[in-house]
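This briefing goes through selected features of the structure shown below, grouped by topic.

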Amino acid sequence: QVQLVESGGGLVQPGGSLRLSCAASGIIFKIFDMGWYRQAPGKQRELVAVITSGSSSNYADSVKGRFTISRDNAKNTVDLQMNSLKPEDTAVYYCNARLSSQESWGQGTQVTVSS
């Protein structure tokens with residue numbers, strides 16, 4: 001069975017930092033493209049960052065320069081380091097694993113940026 005378990009969410013002040021982690025099991029992690037998505041209330045789910053099996057990465061324009069995605073194939077984890085957080089970053093963040101037509105999602109972790 002495929003499992004993606006996110007952790008690291010919480011409440012942080014504007015300008016602060018959080019590091020999200022996603023632990024994967026049930027997949028051959030190293031050949032999957034991994035990503036972080038987010039969904040704010042009343043909005044569609046959007047791509048935040050992806051990192052391919054070859055460790056190339058792409059980011060949404062709104063987070064470039066502030067967020068960094070990384071993966072550790074030995075630990076089957078993908079992380080999202082979030083710096084200089086803004087209130088508009090508030091959302092549920094989801095971990096995603098994709099290989100061809102196969103796609104899996106985690107349950108999500110809440111990130112709230114507020115004073």
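Ser 84 is located in the loop between β8 and β9. The model is a predicted one, and in it the phi of Ser 84 is positive, near 50 degrees, although the residue is not a glycine. The loop between β8 and β9 also holds Asp 89, which takes part in a network of salt bridges with Arg 38, Glu 46 and Arg 66.

**Residues with positive phi**

- Most residues other than glycine have a negative phi.
- Ser 84 has a relative accessibility of 40%, so it counts as partly exposed, between the limits of 20% and 50%.
- Asn 76 is another residue other than glycine with a positive phi, here about 55 degrees.
- The position of Asn 76 is in the loop between β7 and β8.
- Asn 76 is partly exposed because its relative accessibility is 25%, which lies between 20% and 50%.

**Asp 89 and the salt bridges**

- There are six salt bridges in the structure.
- One of them pairs the side chains of Arg 38 and Asp 89, with an N to O distance of 3.0 Å.
- This pair connects distant parts of the chain, with Arg 38 in strand β4 and Asp 89 in the loop between β8 and β9, 51 residues apart.
- Both Arg 38 and Asp 89 are buried.
- Asp 89 also forms a salt bridge with Arg 66, at 2.8 Å from N to O.
- Here too distant parts of the chain are linked: Arg 66 is in the loop between β6 (57–59) and β7, and the two residues are 23 apart in sequence.
- Arg 66 is buried, as is Asp 89.
- The relative accessible area of Asp 89 is 1%, under the 20% limit, and therefore the residue is classed as buried.
- Beyond its neighbours within four places in sequence, Asp 89 is in contact with Arg 38, Arg 66, Phe 67, Ser 84, Val 111 and Val 113.
- A further salt bridge joins the side chains of Lys 64 and Asp 61, with 3.2 Å between N and O.
- Are Lys 64 and Asp 61 buried or exposed? Both residues are exposed.

**Nonpolar core**

- The largest nonpolar core is made up of 29 residues.
- Met 34, Trp 36, Val 78, Leu 80, Met 82 and Tyr 93 have the most contacts inside this core.
- Two or more residues each come from β3 (18–25), β4 (33–39), β5 (46–51), β7 (67–72), β8 (77–82), β9 (91–99) and β11 (109–113).
- What does Leu 80 contact, leaving aside its neighbours within four places in sequence? The contacts of Leu 80 are Leu 18, Arg 19, Leu 20, Trp 36, Val 48, Ala 49, Phe 67, Thr 68, Ile 69 and Tyr 93.

**Disulfide**

- The structure has one disulfide.
- The disulfide is formed by Cys 22 and Cys 95, with an S to S distance of 2.1 Å.
- Cys 22 belongs to strand β3 and Cys 95 to strand β9, so the link spans distant parts of the chain, where strands are DSSP runs numbered from the N terminus, and the two residues are 73 apart.
- The link between Cys 22 and Cys 95 is left-handed, with -80 degrees about the S-S bond.
- Cys 22 and Cys 95 are both buried.

**Val 5 in strand β1**

- Val 5 is part of strand β1 (residues 3–7).
- The relative accessibility of Val 5 is 46%, below the 50% limit for exposed residues and above 20%, so Val 5 is partly exposed.
- Apart from neighbours within four places in sequence, Val 5 is in contact with Ser 21, Cys 22 and Ala 23.
- Val 5 and Thr 77 are separated by 72 residues in sequence, and their C-alpha atoms are 9.5 Å apart.

**Surface patch**

- A nonpolar patch on the surface consists of Ile 28, Ile 31 and Leu 99, which together have about 240 Å² of accessible area.
- Leu 99 is in strand β9.
- Leu 99 has a relative accessible area of 31%, so the residue counts as partly exposed.
- Patch residues need over 30% relative accessible area, and Leu 99 has 31%.

Notes: Residues are numbered from 1 along each chain as its sequence is written. This is a predicted model: local features need pLDDT of at least 70, side-chain atom pairs count only at pLDDT 80 or more; totals for chains, interfaces and linings use all residues. Side-chain values use heavy atoms; hydrogens and water are left out. A nonpolar core is a set of buried Ala, Val, Leu, Ile, Met, Phe, Trp, Tyr and Cys residues joined through side-chain atoms within 4.5 Å. Buried means under 20% relative accessible area, exposed over 50%, partly exposed in between (1.4 Å probe, protein chains only). Helices (H or I, at least four residues) and strands (E, at least two) are DSSP runs, numbered from the N terminus. Contact means heavy atoms within 4.5 Å. A salt bridge is a side-chain nitrogen of Lys or Arg within 4 Å of a carboxyl oxygen of Asp or Glu. A disulfide is a pair of cysteine sulfur atoms within 2.5 Å. Patches are made of residues with over 30% relative accessible area and no salt bridge: like charges are joined within 9 Å, nonpolar side chains (Val, Leu, Ile, Met, Phe, Trp, Tyr) within 5 Å. Accessible areas come from the Shrake-Rupley method with a 1.4 Å probe; for residues, only the protein chains shown count as cover.
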